[in-house]
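Subject: Structure handover

Hello,

Here is the structure for your queue. My notes follow below it.

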Amino acid sequence: MEEKVLPPLGNTKPHLEKLTLGITRILEASPGVTKVRIMEKEPAERHMIASWELKNDCVMPEDLKNFYLMTNGFHMVWSVKLDDQPVPLGCLTINSIANLTQLTQSAMYTLPNSPTLEDLDANEDQPEKPHFDSRSIIFELDSCNGNGKVCLVYRRTSPVARESKIWFLDRALYWHFLTDSFTAYYRLLITHLGLPQWQYAFTSYGVSPQAKQWFNMYKPVTYNTPVLTEETDYFINKLDPSKVFKSKTKTSAPAKRGGTPNPPGSQKGSSSSSLTKSSSATGNPSRK
């Protein structure tokens, strides 16, 4: 399917503006932000969704189905300008139907299926964690640029799985619950502006110190992220984006006042001679 990258915001189509909930204009107005781009994708056809459901024995959630009928996947990127060079920073991605592939147990995911201490200490308020066996069916929504995977997870409670939730699988292969529905997850994705490692804000160990710096400069929109509410004075520099991305101007050296300076040692010699004269005048009275 043909994909094309849209030009800057002035020519963004109205339906894409609604799809991004207006954050493109917020980003364009932020200091240092440049090259906000959305890759336009054609809507998926209903037979593509039906074929995916038949192939995987799953019923696609209604909100995700409506999303794909509007656009078959989503990809938006933005950069910041450092030393007059654009550096990619934000990335918002939802895989297309063709890339909504199932994660199966392989050499990469060799986890024991027997209960662990973590299972015994599980929080009762959270749903049961996914498993790489017949108990769960897992599909990748976003690869998170190698920082983990956001997954659509079904519990296999019937021949055709219907109940699904959104989970985050970190690089250590631990699961972290995100949301009950795709709509709630999409709001998290948009409000966190696709900042690097934003999913780790919903883990017990949080985002890295480098990512916290970006969180401090480009705070998530209308969402109280725990990483911004904790005490961070000890490891976050309070940076002003308007000053960070200010262009550097060379300043000329100030002109020195007075005449030409005395050569090294001349001032010292004159001062020492004057001290000698004064001491001889005061310490050695004239004889009569």
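A word on terms: buried means under 20% relative accessible area. Keep in mind that this is a predicted model.

Helix H6 is a good place to apply that cut-off. H6 covers residues 182-191. Its buried residues are Phe182, Tyr185, Tyr186, Leu188, Leu189, Ile190 and Thr191. That makes seven of the 10 residues, so the helix is largely enclosed by the rest of the structure. Leu193 follows H6 and has a positive phi, near 60°.

Next, the strands. Strand S7 spans residues 149-155, and six of its seven residues are buried. S7 is therefore largely enclosed by the rest of the structure. What does S7 pair with? Strand S6 (residues 136-142) runs antiparallel to S7, joined by six bridges. In that pairing, Glu140 stands opposite Cys151. S6 and S7 form a hairpin, with six residues between them. Cys144 sits in the turn, and its phi is positive, about 55°. S7 also pairs with strand S8 (residues 164-169), again antiparallel and over six bridges. There, Leu152 stands opposite Ile166.

Now the cysteines. How many disulfides are there? The count is zero, taking a disulfide as a pair of cysteine sulfur atoms within 2.5 Å. Cys151 is in no disulfide: the nearest cysteine sulfur belongs to Cys144, 8.3 Å away. Cys151 has a relative accessible area of 0%, so the residue counts as buried. Cys58 is buried too, at 1% relative accessibility.

Last, confidence. The chain averages a pLDDT of 76, and 63% of the residues score at least 70. Where is confidence lowest, and where is it highest? The low end is helix H5 (residues 117-120), with a mean of 46. The high end is helix H3 (residues 46-56), at 96. Two further stretches need a note:

- Residues 5-11: pLDDT is below 50, and the stretch has 11 contacts in the model beyond near neighbours in sequence.
- Residues 275-283: pLDDT stays under 50, and the model has one contact for them beyond four places in sequence.

Best wishes

Methods:
Residues numbered from 1 in each chain as written. Predicted model: local features only at pLDDT ≥ 70, side-chain atom pairs only at ≥ 80, totals over all residues. Heavy atoms only, no water. Buried < 20%, exposed > 50% of the residue type's maximum accessible area, 1.4 Å probe, protein only. pLDDT = per-residue confidence, 0-100. Helix = DSSP H or I, 4+ residues; strand = E, 2+ residues; numbered from the N terminus. Contact = heavy atoms within 4.5 Å. Pairing = 2+ DSSP bridges.
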